[in-house]
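The following exercises concern a single protein chain. Please study the sequence and the structure before reading each solution.

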Amino acid sequence: RYDVSRTVVRQALSDLERQGLLTRIKGKGTFVAAPKVSEFVAQSLTSLHEDLAARGEQLETRVLRLEVEPVSPHVAEMLQLPETEQIVLLERLRLLNGKPLVLTTAHMPYSLCAPILDLDLTHRSLFETYEHELGFKLHRGTRAIEARLASNKIAQDLGIQEGAPVLIFTGVTHLEDGRPLEYFVGIHRGDRSRFEVELFRPAHPGREHAPAEPAWTTREPDDE
């Protein structure tokens, strides 16, 4: 009818799928992919709430857990806490346009962040809460990104199939005096998220800002 061979059509569909514009579902067909949410990863320390608000978009938030619990060995290491310390754990599901986007978990020292237990964090940026409600000055943070497959629980929370790809952000936020204030984990839907990075070329390449170790590292999969 359109004087185009099936081979050309299949190649065009494959190209559009690689660009993320189409998605194929086995047994159902090929569909136009939902647009991905661009999140900007740069040298500024901002939250997801702040990034999207700057673009005129508003997140819907559901608080899943807000409680005190003993610190795990891993979180104790990240927050430089003794293993006898307690933490405030905040788990929230963030939605955009009514659909789940990211599942976030923040671990905070109880000794610093106990007042958060009395706050309604449904419509609050956690960074703004640290600064405006608790009076802390955030100074710097670390970020790591890796890809994984969604577990059954994560799949249920994010509304995706078990085994679907997710992008996991982890990091620590520090105060001006160097103390860690927050260890966070953000699990983003792979089909709805895209991260953009702004890079700056140094004045003297190879002589300034040389990394102490490779910028990219590989991670062996967990046995769990």
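**Exercise 1. Determine which residues His174 contacts beyond its neighbours in sequence, and decide whether His174 is buried or exposed.**

Solution. The model under study is predicted.

Step 1. Neighbours within four places in sequence are set aside; His174 is then in contact with Leu138, His139, Arg140, Arg179, Pro180 and Leu181.

Step 2. The location of His174 is strand E9, which covers residues 165-175.

Step 3. The relative accessibility of His174 is 6%. Buried means under 20%, and His174 therefore counts as buried.

Step 4. A polar contact can also be identified: the side chain of His174 lies 3.2 Å from the backbone oxygen of Gly178.

**Exercise 2. Identify the buried residues of helix H5 and establish where they lie around the helix.**

Solution.

Step 1. Helix H5 comprises residues 126-133, and its residues Leu126, Phe127, Thr129 and Tyr130 are buried.

Step 2. Viewed down the axis of H5, these buried residues fall within an arc of 165 degrees, and therefore they line one face of the helix.

Step 3. The ends of the helix are examined next. Ser125 caps the N-terminal end of H5, with a side-chain oxygen 3.4 Å from the backbone nitrogen of Phe127. Just after H5, Gly135 adopts a positive phi of about 75 degrees.

**Exercise 3. Find how many aromatic pairs the whole structure holds, and classify the geometry.**

Solution.

Step 1. A search of the whole structure yields 1 aromatic pair.

Step 2. The rings belong to Phe127 and Tyr130; their centres are 6.3 Å apart and their planes stand at 35 degrees, so the pair is tilted.

Step 3. Phe127 and Tyr130 are 3 residues apart in helix H5, and are therefore separated by about one helical turn. An α-helix has 3.6 residues a turn, so residues three or four places apart point the same way.

Step 4. Both Phe127 and Tyr130 are buried.

**Exercise 4. Describe the largest nonpolar core and state which of its residues touch the most other members.**

Solution.

Step 1. The largest nonpolar core has 21 residues, of which Leu158, Ile160, Val166 and Ile187 touch the most other members.

Step 2. At least two residues of this core come from each of helix H3 (73-79), strand E5 (86-96), helix H6 (152-158), E9 and strand E10 (180-189).

Step 3. Residues up to four places away in sequence are not counted; Ile187 touches Leu101, Val102, Leu103, Ile154, Leu158, Val166, Leu167 and Ile168.

Step 4. There is also a second, separate core of 16 residues, among them Ile116, Leu126, Phe127 and Phe136.

Key:
Residues numbered from 1 in each chain as written. Predicted model: local features only at pLDDT ≥ 70, side-chain atom pairs only at ≥ 80, totals over all residues. Heavy atoms only, no water. Buried < 20%, exposed > 50% of the residue type's maximum accessible area, 1.4 Å probe, protein only. Helix = DSSP H or I, 4+ residues; strand = E, 2+ residues; numbered from the N terminus. Arc of directions from axis to C-beta. Polar contact = N/O pair within 3.5 Å; in protein donor to acceptor, adjacent residues only side chain to side chain. Phe/Tyr/Trp six-rings, centres within 6.5 Å; stacked < 30°, edge-to-face > 60°. Contact = heavy atoms within 4.5 Å. Core = buried A, V, L, I, M, F, W, Y, C linked by side-chain atoms within 4.5 Å.
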